[in-house]
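Here's a short set of exercises to work through with the model open in your viewer. Try each one yourself before reading the solution.

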Amino acid sequence: MSQGLAEVFPPLGLRITCGPLVLRGITDELIMPLVEVARRGVHNQPPELTPLANDWTTVPAPMLAINYAKWAWNNRLMFSADSWILALAVEYDGELVGVQEGKGEKFRANRSISTGSWLGRAAHGRGIGTLMRQAYCTFAIDHLGAQEMLSEAFVDNPASTRVSEKVGYRRTGSRPAQRAGAEVGEAMYRLVPDDLVRPPYPLEVEGLEPLLRFLGLDGSTGNTAEVA
Ligand SMILES: CC(C)(COP(=O)(O)OP(=O)(O)OC[C@H]1O[C@@H](n2cnc3c(N)ncnc32)[C@H](O)[C@@H]1OP(=O)(O)O)[C@@H](O)C(=O)NCCC(=O)NCCS
């Protein structure tokens with residue numbers, strides 16, 4: 001059976017099921033539904049208190065769609081074994097609710113992934129943010145061989161910092177960051193495999209082998225092709 005575009009971009013064929021939660025590659029068909037989730041709002045804060053380091057949600061609705069599609073396509077174009085963003089759409093009980101992503105730079109050498117996530121406002125506060133981070137970290141540690149998961153959040157984002165703590169991350173410090181032209185503290189968190197608080201459901205993973213090949217984690221050189 002044809003795998004469609006997952007043959008040339010294996011993240012599109014990745015599907016991780018964890019109880020009521022599914023994490024899956026952001027295909028073109030998912031871009032506008034994700035835009036609709038984001039247009040309904042990702043947070044309640046005024047711009048000067050946004051929880052997002054680069055608040056892509058506060059632009060006019062047509063720009064949000066254009067920017068989001070470009071971001072998704074750019075991730076595919078720029079994805080290489082040495083530098084990647086593995087962004088996965090999140091479904092909960094069959095409903096599309098947000099995105100969980102991880103960034104790997106020289107991952108084969110340092111085994112470190114930095115995560116980021118968002119949920120549509122209606123999905124906040126129901127434990128979904130915790131479950132999707134648990135599922136992503138478990139996948140990264142068990143199947144990609146990650147030895148370290150990193151997360152940063154503004155110090156006034158208790159939902160994100162609390163999720164990090166619940167998943168087993170430890171706070172490693174804080175640093176100054178900029179938000180809407182003002183300085184704000186950013187808390188830094190680190191998770192190591194032994195501290196992972198695993199999700200209450202087992203993980204089922206589809207589409208793993210092509211992804212491992214693409215990332216060069218199967219002993220091959222991986223996707224190192226430059227765009228001509
Ligand atoms: C961050 C985010 C993904 C978390 O997802 P979520 O589904 O809301 O998280 P959960 O429900 O699993 O857990 C949230 C925890 O934070 C706590 N929390 C939330 N708001 C809080 C507040 N104002 N004060 C104290 N604790 C708070 C909740 O009580 C819960 O902890 P508990 O289970 O111990 O009670 C989601 O809130 C979101 O998308 N926010 C906007 C975007 C964002 O901030 N992204 C991260 C940028 S670093």
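**Exercise 1.** Find which residues methionine 132 touches, leaving out those up to four places away in sequence.

*Solution.* This is a predicted model, so start from its coordinates. Step one: centre on methionine 132 and list its contacts, which are Leu21, Leu23, Val90, Gln100 and Ser117. Step two: check the largest nonpolar core, a set of 49 residues. Met132 is among those with the most contacts inside this core, along with Leu21, Leu23, Leu88, Val90, Ala135 and Ala140. Step three: look for the element that gives the most to the core, and you land on helix H4 (residues 128-144), with nine residues.

**Exercise 2.** Work out the strand order of the nine-stranded open sheet and say which strands stand at its edges.

*Solution.* Walk across the sheet and you get S7-S8-S6-S5-S4-S3-S2-S1-S9, with mixed pairing. Now look at the two ends: S7 and strand S9 (203-206) each have a single partner strand, so one side of each is left without a neighbour in the sheet. On average, neighbouring strands are turned by 25 degrees against each other, direction ignored.

Next, zoom in on one pair. Strand S5 (residues 112-119) runs parallel to strand S6 (residues 148-154), and three bridges link them. Pick serine 114, and its bridge partner in S6 turns out to be leucine 150. Finally, bring back H4, which packs on the sheet and touches S1, S2, S3, S4, S5, S6, S8 and S9. The direction of H4 makes about 155 degrees with that of S5.

**Exercise 3.** Describe how H4 and helix H5 (residues 158-167) cross.

*Solution.* Start with the axes: they come within 9 Å and cross at roughly 50 degrees. That angle makes H4 oblique to H5. For handedness, the crossing is right-handed. Then pick out the contact residues: H4 brings Gly129, Thr130, Arg133, Gln134 and Cys137, while H5 brings Ala159, Val163, Lys166 and Val167.

**Exercise 4.** Take aspartate 93 and alanine 180, and say for each where it lies, what its phi is, and whether it is buried or exposed.

*Solution.* Aspartate 93 first: it's in the loop between strand S3 (83-92) and strand S4 (95-105). Its phi is near 50 degrees, a positive value in a residue other than glycine. Count the other C-beta atoms within 10 Å and you find 10, so aspartate 93 is exposed.

Now alanine 180, which sits in the loop between strand S7 (170-179) and strand S8 (182-191). Phi is positive for alanine 180 too, at about 45 degrees, although the residue is not a glycine. The count for alanine 180 is 12 other C-beta atoms within 10 Å, and the cut-off for exposed is 12 or fewer, so alanine 180 is exposed.

**Exercise 5.** Classify threonine 17 and lysine 106 by their C-beta neighbours inside 10 Å.

*Solution.* Threonine 17, found in strand S1, has 17 such neighbours, so threonine 17 counts as partly exposed. Its contacts, leaving out residues up to four places away in sequence, are Val22 and Glu204. Measure across to histidine 43, 26 residues apart in sequence, and the C-alpha atoms are 26 Å apart.

Lysine 106 is in the loop between S4 and helix H3 (107-110). With 11 neighbours, lysine 106 counts as exposed. From lysine 106 to valine 155, 49 residues apart along the chain, the C-alpha separation is 28 Å.

Methods:
Residues are numbered from 1 along each chain as its sequence is written. This is a predicted model: local features need pLDDT of at least 70, side-chain atom pairs count only at pLDDT 80 or more; totals for chains, interfaces and linings use all residues. Helices (H or I, at least four residues) and strands (E, at least two) are DSSP runs, numbered from the N terminus. A residue is buried if 20 or more other C-beta atoms lie within 10 Å of its own, exposed if 12 or fewer, and partly exposed in between; C-beta atoms are placed from the backbone. A nonpolar core is a set of buried Ala, Val, Leu, Ile, Met, Phe, Trp, Tyr and Cys residues joined through C-beta atoms within 7 Å. Two residues are in contact if their C-beta atoms, placed from the backbone, lie within 7 Å. Two strands pair if DSSP finds at least two bridges between them. Axes are lines fitted to C-alpha atoms, for helices over the stretch in contact, and angles run from 0 to 180 degrees between N-to-C directions. Angles under 35 degrees count as roughly parallel, over 145 as roughly antiparallel, 65 to 115 as roughly perpendicular and the rest as oblique. A crossing is left-handed if the near helix is turned anticlockwise from the far one by less than a right angle, and right-handed if clockwise.
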